[in-house]
Amino acid sequence: MPGCQQNHGLVKKNMRLPVKKAIWEQSQKYDCFYLYDEQRINAHLEQLKADFESIEFFYSIKANRAKGILRNIFSRGFGADAASLNEVNMANSLNVSASRIQYSAPGKQVADIRGALGIATIIADSIEEIRLIDKIAGEENRHVETGVRINPNFTFTDSTGNPSKFGIDEDQILAFLRNRESLHNLEIVGIHVHLRSQELQADILGSYYEKMYRLACSVQEATGDKLKFINMGSGLGIPYSTRALPLDTRKLGRTIAELATRFYRELNGTRIILETGRFLVGESGYYVTHVLDRKESMGKKFIILKNTLNGFLRPCIAQLITRYASNENLAGSEPLFTGNDCFQFIPLSDSTERETVSLVGNLCTAMDIVAEDIEMPRLKIGDVVAITNAGSYGAVLSPMQFSSQQPPAQLMLASDNTVVDADA
Ligand SMILES: *Cc1c(COP(=O)(O)O)cnc(C)c1O
């Protein structure tokens, strides 16, 4: 859909001056790289801490696992949402305690469970897995406290559920817990639900949290025991589009505080956990690349950039989906696709001449397009273009082996304004 990004080509969205300076300096050394702004990450982290008193936050490692980012976030008191044994080990090696690493993923294997026992809280994803963890715990002479992931009878907006590959249906787990089927070495002490990401409306998240509190009460009724934790997953969205309004975290924090008061009798002392990846890191990141070539073909101007599809995949997918779908308000398919105007292309150019161009990559596929027919200053070979919102699901989600190009560097602008290897 030509023109869909037309309004956003030149918006220098919230780019701090030290960031711009670092991008410029590093672009002299690297053909393409990610730059993460640590100060921005810290600002988002402090915002959550301030707005949600008595809530525990876990960082979802899969959003961005660069070591420097993990070290910083965990040192500031966040726990870890781990999606694999490797992620469990990353958090463990950074001294996050077992009760503050939760390992939730479908299809865990025996080695995953053995590896995680003792260093993380495992969230069982199926009835089969509950039995498997119980068996392994027995073999290792352990008593294990786990959580269980539930597929509830509701969504963010509806009061009925959907079939899901994640977790155990609410009715199934309640029946299982009521029957007190013989588990010898395992105790279910918490629940985990994660239904979707990228919600910007505090009211919708608030009503979801209320449903979660009610679900926790049902689970407690079924077991007769008080839950130790309720992990309500993620959903905290960020304004990718320049037209989007940020999530009102203060209002949402007040909603949770009210729920805690209302459900005090049932749930006092129960840890309430929220997970987030993108809210901390998404807006902190820029993907920076160079103009390699330019050409005009049959009346259309192409700017050829270094490593786009294979450096930062998400803008390419947005372009692909927008091209085939006529609907302006396409539903997101996270983490691959959020919407059709989620990335701003910021040229570091002082040209006053403007032109309409398509931004494409240097791969041998015609699908390597990140923007079609957008207005930009006239770019010349060697110029630098930065793409916004590259901090989450950027490097981790891009097919960097494709075409055997040199992958982009990952750099961090540290709080003291030095630039360091983000992954060291
Ligand atoms: C991916 C994931 C998250 C993080 O989602 P964001 O949108 O990045 O905040 C949280 N919880 C679970 C279970 C996830 O799989």
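Buried, in this tour, means a relative accessible area under 20%, exposed means over 50%, and partly exposed covers what is in between, with a 1.4 Å probe and protein chains only. The model on screen is predicted, so that local features need a pLDDT of at least 70 and side-chain atom pairs count only at pLDDT 80 or more, while totals for chains, interfaces and linings use all residues. Residues are numbered from 1 along each chain as its sequence is written, and side-chain values use heavy atoms, with hydrogens and water left out.

**First stop: Glu38 and helix H2**

Select Glu38, which is buried at a relative accessible area of 11% and belongs to helix H2; helices here are DSSP runs of H or I with at least four residues, strands are runs of E with at least two, and both are numbered from the N terminus. Add Ala422 to the selection: between the C-alpha atoms of Glu38 and Ala422 the distance in space is 9.7 Å, although the two are 384 residues apart in sequence.

Stay with helix H2, residues 38-51, and pick out Lys49 and Glu46, which lie three residues apart, about one turn of the helix. Lys49 and Glu46 form a salt bridge, with 3.9 Å between the closest N and O atoms, where a salt bridge is a side-chain nitrogen of Lys or Arg within 4 Å of a carboxyl oxygen of Asp or Glu. Both ends are partly exposed, Lys49 at 37% relative accessibility and Glu46 at 36%.

**Second stop: salt bridges across the chain**

How many salt bridges does the count come to? The total is 29, and two that link distant parts of the chain can be inspected next.

Select Asp31 and Lys306, whose closest N and O atoms are 3.9 Å apart in a salt bridge. Asp31 sits in the loop between helix H1 (17-26) and strand S1 (33-37), whereas Lys306 sits in the loop between S12 and H12, 275 residues apart from Asp31. Asp31 is partly exposed, with a relative accessible area of 46%, but Lys306 is buried, at 12%.

Then select Glu355 and Lys301, where the salt bridge has an N to O distance of 3.2 Å. This pair joins strand S14 (residues 354-361), which holds Glu355, to strand S12, which holds Lys301, across 54 residues. Glu355 is buried at a relative accessible area of 6%, while Lys301 counts as partly exposed at 26% relative accessibility. For a set of bridges that share partners, select Arg114, Lys135, Glu139, Glu140 and Arg142, which are joined into one network.

**Third stop: the ligand**

Show the ligand together with the residues around it, a residue being near a molecule if one of its heavy atoms lies within 4 Å of it. Of these 13 residues, Lys62, Ser197, Glu275, Arg278 and Tyr393 come nearest. The shell divides into one nonpolar, seven polar and five charged residues, under a scheme in which Ala, Val, Leu, Ile, Met, Phe, Trp, Tyr, Cys and Pro count as nonpolar, Asp, Glu, Lys and Arg as charged, and the others, Gly among them, as polar.

Which N or O atoms lie 2.7 Å from an oxygen atom of the ligand? One is in the side chain of Lys62, and another is a polar side-chain atom of Ser234. From Gly277 a backbone N or O atom lies 2.8 Å from a ligand oxygen. The ligand on its own has 390 Å² of accessible area, of which the protein covers 91%.

**Fourth stop: backbone features and a surface patch**

Is Asn307 buried or exposed? Asn307, in the loop between strand S12 (300-305) and H12, is buried with a relative accessible area of 0%, and its phi is near 45°, a positive value in a residue other than glycine. Ser404 also has a positive phi, near 55°; this residue lies in the loop between strand S16 (384-387) and strand S17 (409-413) and is exposed, at 69%.

Move to Pro335, in the loop between H12 and strand S13 (345-348), where the peptide bond from Glu334 to Pro335 is cis, with omega near 0°.

Finish at Tyr324 in helix H12 (residues 313-324), which is exposed with a relative accessible area of 64%.

Terms used: Polar contact = N/O pair within 3.5 Å; in protein donor to acceptor, adjacent residues only side chain to side chain. Areas by Shrake-Rupley, 256 points an atom, 1.4 Å probe, with all protein chains shown as cover.
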